[in-house]
Amino acid sequence: MNNSKETFSNGAIYADLDNDGDLDLVVNNVAAKAFVYKNNSREQNQNNYLTVSLKYKDANQFGIGSTIKMYSGKQIITRELIPSRGFQSSVDYRQSIGVGKAAQVDSLIIIWPDNTKKKTIHPEINK
(Lines give C-alpha, C1' and ligand atoms only; values in the text may rest on other atoms or scores of the structure.)
Protein backbone atom coordinates (compact mmCIF):
# COMPACT_ATOMS: atom_id res chain seq x y z
CA MET A 1 0.00 0.00 0.00
CA ASN A 2 1.35 3.40 -0.94
CA ASN A 3 -0.41 5.86 1.31
CA SER A 4 0.35 9.57 1.29
CA LYS A 5 -2.51 10.47 3.66
CA GLU A 6 -1.37 12.21 6.85
CA THR A 7 -2.30 10.33 10.02
CA PHE A 8 -1.44 10.10 13.67
CA SER A 9 -0.27 6.58 14.46
CA ASN A 10 0.13 5.19 17.94
CA GLY A 11 1.08 1.56 17.46
CA ALA A 12 2.18 -1.10 15.04
CA ILE A 13 2.54 -4.86 14.84
CA TYR A 14 4.41 -7.12 12.50
CA ALA A 15 3.28 -10.63 11.65
CA ASP A 16 3.20 -12.98 8.68
CA LEU A 17 -0.43 -12.24 7.86
CA ASP A 18 -0.46 -14.13 4.54
CA ASN A 19 1.76 -17.08 5.65
CA ASP A 20 4.35 -16.49 2.92
CA GLY A 21 7.42 -16.29 5.18
CA ASP A 22 7.91 -12.52 5.34
CA LEU A 23 6.60 -10.17 8.00
CA ASP A 24 3.79 -7.77 7.09
CA LEU A 25 3.04 -4.55 8.97
CA VAL A 26 -0.16 -3.19 10.52
CA VAL A 27 -0.10 0.42 11.74
CA ASN A 28 -2.81 1.62 14.14
CA ASN A 29 -4.07 5.15 13.46
CA VAL A 30 -5.94 7.38 15.88
CA ALA A 31 -9.54 8.09 14.75
CA ALA A 32 -8.86 6.37 11.41
CA LYS A 33 -8.62 2.89 9.93
CA ALA A 34 -5.41 0.95 10.41
CA PHE A 35 -2.94 0.68 7.53
CA VAL A 36 -1.92 -2.81 6.41
CA TYR A 37 1.35 -3.07 4.49
CA LYS A 38 2.09 -6.31 2.63
CA ASN A 39 5.74 -7.33 2.51
CA ASN A 40 6.62 -8.54 -1.01
CA SER A 41 10.27 -9.40 -0.33
CA ARG A 42 9.74 -13.17 -0.50
CA GLU A 43 8.09 -12.92 -3.93
CA GLN A 44 10.82 -10.58 -5.17
CA ASN A 45 13.90 -12.34 -3.76
CA GLN A 46 12.75 -15.98 -3.69
CA ASN A 47 14.53 -16.55 -0.37
CA ASN A 48 13.66 -19.45 1.91
CA TYR A 49 12.36 -19.33 5.47
CA LEU A 50 11.48 -21.43 8.46
CA THR A 51 8.45 -20.71 10.65
CA VAL A 52 8.35 -22.11 14.17
CA SER A 53 5.15 -22.40 16.24
CA LEU A 54 5.79 -23.70 19.73
CA LYS A 55 3.40 -25.81 21.81
CA TYR A 56 4.36 -26.08 25.47
CA LYS A 57 2.82 -27.06 28.80
CA ASP A 58 -0.40 -26.02 30.48
CA ALA A 59 -0.55 -22.31 31.32
CA ASN A 60 2.38 -21.45 29.01
CA GLN A 61 0.99 -23.24 25.98
CA PHE A 62 2.80 -20.92 23.49
CA GLY A 63 6.21 -21.55 25.08
CA ILE A 64 6.88 -17.92 26.05
CA GLY A 65 10.47 -17.65 27.28
CA SER A 66 11.73 -20.44 25.02
CA THR A 67 14.89 -20.05 22.94
CA ILE A 68 15.07 -21.22 19.32
CA LYS A 69 18.47 -21.95 17.75
CA MET A 70 18.65 -22.64 14.03
CA TYR A 71 21.87 -24.01 12.53
CA SER A 72 22.51 -23.70 8.80
CA GLY A 73 26.08 -24.24 7.60
CA LYS A 74 28.29 -21.87 9.63
CA GLN A 75 25.33 -19.67 10.53
CA ILE A 76 23.52 -19.81 13.88
CA ILE A 77 20.36 -17.76 14.35
CA THR A 78 18.94 -17.43 17.86
CA ARG A 79 15.46 -16.20 18.77
CA GLU A 80 13.79 -15.84 22.14
CA LEU A 81 10.03 -16.06 22.23
CA ILE A 82 9.12 -12.89 24.11
CA PRO A 83 6.10 -11.44 22.30
CA SER A 84 5.47 -8.46 24.61
CA ARG A 85 6.31 -5.11 23.05
CA GLY A 86 5.14 -2.64 25.67
CA PHE A 87 1.86 -1.62 27.22
CA GLN A 88 -0.96 -3.59 25.55
CA SER A 89 1.29 -4.56 22.63
CA SER A 90 2.35 -7.95 21.37
CA VAL A 91 3.62 -9.65 18.24
CA ASP A 92 2.84 -13.01 16.66
CA TYR A 93 3.93 -16.04 18.69
CA ARG A 94 5.10 -17.72 15.47
CA GLN A 95 8.76 -17.08 14.74
CA SER A 96 9.71 -16.53 11.09
CA ILE A 97 13.40 -17.04 10.39
CA GLY A 98 14.85 -16.18 7.00
CA VAL A 99 17.43 -18.66 5.67
CA GLY A 100 18.25 -16.89 2.39
CA LYS A 101 19.09 -19.18 -0.52
CA ALA A 102 19.84 -22.19 1.73
CA ALA A 103 17.89 -25.20 0.46
CA GLN A 104 18.15 -26.98 3.80
CA VAL A 105 18.58 -26.18 7.50
CA ASP A 106 20.97 -28.44 9.42
CA SER A 107 19.10 -28.48 12.72
CA LEU A 108 16.78 -26.64 15.03
CA ILE A 109 17.06 -26.72 18.82
CA ILE A 110 14.28 -25.53 21.12
CA ILE A 111 15.32 -24.73 24.69
CA TRP A 112 12.11 -24.70 26.72
CA PRO A 113 11.55 -22.45 29.77
CA ASP A 114 12.31 -25.41 32.09
CA ASN A 115 15.71 -25.80 30.29
CA THR A 116 14.80 -29.09 28.58
CA LYS A 117 15.71 -29.29 24.89
CA LYS A 118 14.21 -30.63 21.70
CA LYS A 119 16.36 -31.10 18.59
CA THR A 120 15.06 -31.50 15.05
CA ILE A 121 17.42 -32.51 12.23
CA HIS A 122 16.72 -30.97 8.81
CA PRO A 123 13.39 -29.28 9.62
CA GLU A 124 11.23 -28.51 6.59
CA ILE A 125 11.70 -25.05 5.13
CA ASN A 126 9.13 -22.74 3.53
CA LYS A 127 6.46 -23.96 5.93
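This report describes the overall fold, the salt bridges and one surface patch of a predicted model.

Local features are reported where pLDDT is at least 70 and side-chain atom pairs only at pLDDT 80 or more, whereas totals for chains, interfaces and linings use all residues. Residues are numbered from 1 along each chain as its sequence is written, and side-chain values use heavy atoms, with hydrogens and water left out.

**Overall fold**

The chain contains one helix and nine strands, where helices (H or I, at least four residues) and strands (E, at least two) are DSSP runs numbered from the N terminus. Their order along the sequence is β-β-β-α-β-β-β-β-β-β, and the C-alpha atoms fill a box of roughly 50 × 40 × 20 Å along the principal axes. Of the 127 residues, 31% are buried, a class defined as under 20% relative accessible area, with exposed being over 50% and partly exposed in between (1.4 Å probe, protein chains only). Among the contacts (heavy atoms within 4.5 Å) with a separation of 6 or more, 44% join residues 24 or more positions apart.

**Salt bridges**

The structure holds six salt bridges, each being a side-chain nitrogen of Lys or Arg within 4 Å of a carboxyl oxygen of Asp or Glu. The table gives three of these pairs, with the N to O distance and the relative accessible area of each partner.

| Pair | N to O distance | Relative accessible areas |
|---|---|---|
| Lys38 and Asp18 | 2.9 Å | Lys38 43%, Asp18 33% |
| Asp92 and Arg94 | 2.7 Å | Asp92 22%, Arg94 27% |
| Glu124 and Lys127 | 2.9 Å | Glu124 53%, Lys127 57% |

In the salt bridge between Lys38 and Asp18, Lys38 lies in the loop between β3 (35-37) and α1 (41-45) and Asp18 in the loop between β1 and β2 (24-29), so the pair ties together parts that are 20 residues apart in sequence. Asp18 and Lys38 also belong to a network of salt bridges that includes Asp20 and Glu43. Glu124 counts as exposed because its relative accessibility is 53%, and Lys127 is likewise exposed at 57%.

**Nonpolar surface patch**

Tyr14, Leu23 and Leu25 make a nonpolar surface patch of about 240 Å²; patches are made of residues with over 30% relative accessible area and no salt bridge, like charges being joined within 9 Å and nonpolar side chains (Val, Leu, Ile, Met, Phe, Trp, Tyr) within 5 Å. Within this patch, Tyr14 is found in strand β1 (residues 9-15) and counts as partly exposed because its relative accessibility is 36%.

Methods:
Areas by Shrake-Rupley, 256 points an atom, 1.4 Å probe, with all protein chains shown as cover.
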